[in-house]
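Here are my reading notes, written as numbered points for a newcomer to protein structures. Please keep the picture open beside the text while you read.

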Amino acid sequence: FDTRWPKEVLDLIKTLDHRAAAASGVRIGTSGPEGYSSETIVGPKDWAVVPSPIPGQGFRIDWCLGNERAAIDATWLCASVRPRQEGDEHSWPRPVDWLFEESFRAYAGYSIEAAAGADGTQTLTLRHPRTPKNSVAVVVDPRRGVVLEVRFTVDGKVQGTTLFEDFVEVAGAFWPRKRSHRSVGGGAED
C-alpha cells in the first residue's frame, strides 16, 4: 500500500483481505461471459487454480502442492515445475477482484479520500496526481468487510461500474455470489 494513506483507511482496506479466511480451506468457483469458469481450491499450505477450457482459447493451470510450485500453459503447450519456496503458499492469484488487499496495491501513488455513507458504508476514492479528474470509487461495507461497488470515472463522469451482490458467509468471511459489470454504453457483463 501507499503508507502515506491515513491509518484508518489502511485499517479498512485490511478488513477486505479474504486470504486468511480462504486459507482455512475453501473452494471458490467463478464464471464469466462466453462460458469461462475457474475454480480456486485453497488449503492452509496448498492451493490450485483450474480453469475450464473454452474451445479455441488457451488456459493455464497453477498449483502449489506438497514440495512443488508449478504451472501448465496450454496455449504454449509447456509446463514449469520448481521446488516450493517460502511464501508460495500465499501466492495464489485472487479469484475475485477487490476481495484481497492487493487490489489496492495497484494504486500506490494515488491520493485516497474516505467518505462515510448514511447507511454505514465507506467510499474510498482514489485519484492519480496527473489525472485528478479521473477516479476509482470503492464502496465498502466495513461491517462485513466487503466491497459493494467500484465506479470508474473520467472527467467526473461514470464510465463503468462493478457491483458485488448476494453475499454468503463462508469460512468466517462474506463472499459475493454475483458480480456484474456495467459500462457507460450500456453494455453489461455478469
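The points below go from the whole protein to its sheets, its core and two particular residues.

1. Before anything else, please bear in mind that this is a predicted model, in which local features need pLDDT of at least 70 and side-chain atom pairs count only at pLDDT 80 or more, while totals for chains, interfaces and linings use all residues. Residues are numbered from 1 along each chain as its sequence is written, and side-chain values use heavy atoms, with hydrogens and water left out.

2. On overall form, the C-alpha trace of the protein spans about 45 × 35 × 35 Å along its principal axes. The radius of gyration (taken over C-alpha atoms) can be set against a globule rule of 2.2 Å times the number of residues to the power 0.38. Because a compact globule with 190 residues would have a radius of gyration near 16 Å, the 18 Å of the protein agrees with that rule.

3. On surface and interior, the protein exposes about 10,900 Å², of which carbon and sulfur atoms supply 52%; such accessible areas come from the Shrake-Rupley method with a 1.4 Å probe, and for residues only the protein chains shown count as cover. Of the 190 residues, 37% count as buried, where buried means under 20% relative accessible area, exposed means over 50%, and partly exposed lies in between.

4. On secondary structure, the protein has 3 helices and 13 strands, and these are DSSP runs (H or I with at least four residues for helices, E with at least two for strands) numbered from the N terminus. Two strands are said to pair if DSSP finds at least two bridges between them. In one open sheet, 6 strands follow the order β1-β2-β3-β4-β5-β6 with antiparallel pairing, and the edge strands, β1 (26-31) and β6 (78-83), each pair on one side only.

5. Within this open sheet, strand β2 (residues 37-42) pairs with β3 in the antiparallel sense over 6 bridges, with V42 standing opposite W47, and a hairpin of 4 residues joins the two strands. Strand β3 (residues 47-52) also pairs with strand β4 (residues 60-65), again in the antiparallel sense but over 3 bridges, and here V49 has D62 as its bridge partner.

6. Further along the chain, strands β7 (residues 111-116) and β8 (residues 122-128) run antiparallel and are joined by 6 bridges, with A115 opposite T123. Their hairpin has 5 residues between the strands, and G120 takes a positive phi near 90° there. The next pair, β8 and β9, is antiparallel over 6 bridges, and a hairpin joins these strands through 2 residues.

7. The series can be followed through β9 (residues 131-141) and β10 (residues 146-154), which run antiparallel with 7 bridges between them. It is helpful to look for V136, which stands opposite L126 of β8 and has F152 as its bridge partner in β10. Then β10 pairs with strand β11 (residues 157-170) in the antiparallel sense over 6 bridges, and V150 stands opposite T162 in β11.

8. What makes up the largest nonpolar core? A nonpolar core is a set of buried Ala, Val, Leu, Ile, Met, Phe, Trp, Tyr and Cys residues joined through side-chain atoms within 4.5 Å. The largest one has 34 residues, and W5, W98, F104, L124, L126, V138 and V147 are those with the most contacts inside it; helix α1 (residues 7-14) gives the most to this core, with 4 residues. Contact means heavy atoms within 4.5 Å, and, leaving aside neighbours within four places in sequence, L126 is in contact with ten or so names worth tracing, including W5, F104, Y107, I112, V136 and V138.9. Two residues deserve a separate look, since most residues other than glycine have a negative phi. W98 has a positive phi of about 70° although it is not a glycine, and its place is in the loop between β6 and α3 (102-105). D155 likewise has a positive phi, of about 50°, without being a glycine, and lies in the loop between β10 and β11.

10. Are W98 and D155 buried or exposed? W98 is buried, with a relative accessible area of 8%, whereas D155 counts as exposed at 53% relative accessibility.

Note on methods:
Buried < 20%, exposed > 50% of the residue type's maximum accessible area, 1.4 Å probe, protein only.
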